[in-house]
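Colleague: I am new to this structure and would like a close look at a single part of it, with the rest filled in around that part. Please go slowly and explain each term where it comes up.

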Amino acid sequence: MSDNPVLDRETYRKIKKMSREEMHNFLMRYADGLMADEDNKTIDLPALENELRQVKGIGSKRLEEIMIIIEKHLNI
């Protein structure tokens, strides 16, 4: 066993109390985090939002709808 555990005690306790759906979501976020570390690809949501704001024809209401969809697909 290594000196640095993968899970700290608090995370371990939270996992023990998770439902099946919560565990699935946790594992998906964890796996996404591992893949992001490998790829070093991230999305700066505020910068993305500012660029989309500059697109002619996208108002604040439409931009809000677009950002909700993007965040949904990123599981944020």
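Modeller: Let me start with Arg-53 and Glu-49, which are separated by about one helical turn because they stand 4 residues apart in helix H3 (residues 45–53). Helices here are DSSP runs of H or I with at least four residues, strands are runs of E with at least two, and both are numbered from the N terminus. Residues are numbered from 1 along each chain as its sequence is written. The model is predicted, so local features need pLDDT of at least 70 and side-chain atom pairs count only at pLDDT 80 or more, whereas totals for chains, interfaces and linings use all residues, and side-chain values use heavy atoms, with hydrogens and water left out.

The side chains of Arg-53 and Glu-49 meet in a salt bridge, with N and O 3.1 Å apart; the term stands for a side-chain nitrogen of Lys or Arg within 4 Å of a carboxyl oxygen of Asp or Glu. The general geometry fits such a pairing, for an α-helix has 3.6 residues a turn, so residues three or four places apart point the same way. Both partners are partly exposed, Arg-53 with a relative accessible area of 41% and Glu-49 with 28%. On this scale buried means under 20% relative accessible area, exposed means over 50%, and partly exposed lies in between, with a 1.4 Å probe and protein chains only.

By this rule the protein has 3 salt bridges. In helix H1, which covers residues 9–16, the side chains of Lys-14 and Glu-10 form a salt bridge at 3.3 Å from N to O, and these two residues are again 4 residues apart, about one turn of the helix. Glu-10 is exposed, its relative accessible area being 52%. In helix H4, Glu-65 pairs with Arg-62, the closest N and O atoms being 2.9 Å apart, and here the spacing is 3 residues, also about one turn. Glu-65 is partly exposed at 34%, and Arg-62 is partly exposed at 48%.

Helix H4 can also be checked for length: its 14 residues (60–73) should span 20 Å at 1.5 Å a residue, and its end C-alpha atoms are 20 Å apart, which agrees. The expected span is 1.5 Å times one less than the number of residues. Just after H4, Asn-75 takes a positive phi of about 55°.

Seen as a whole, the protein has 4 helices and 0 strands, giving the pattern α-α-α-α along the sequence. Buried residues make up 8% of its 76 residues. The protein exposes about 7100 Å², of which carbon and sulfur atoms supply 53%; such areas come from the Shrake-Rupley method with a 1.4 Å probe, and for residues only the protein chains shown count as cover.

Two surface patches involve helix H1. Patches are made of residues with over 30% relative accessible area and no salt bridge, like charges being joined within 9 Å and nonpolar side chains (Val, Leu, Ile, Met, Phe, Trp, Tyr) within 5 Å. Val-6, Leu-7, Tyr-12, Tyr-30 and Leu-34 form a nonpolar patch with about 480 Å² of accessible area together, and its member Tyr-12 lies in H1, partly exposed at 37%. Arg-9, Arg-13, Lys-16 and Lys-17 form a positive patch. Lys and Arg count as positive and Asp and Glu as negative, with His and the chain ends not counted, and each charge is placed at NZ of Lys, CZ of Arg, CG of Asp or CD of Glu. Arg-13 also belongs to H1 and is partly exposed, with a relative accessible area of 48%.
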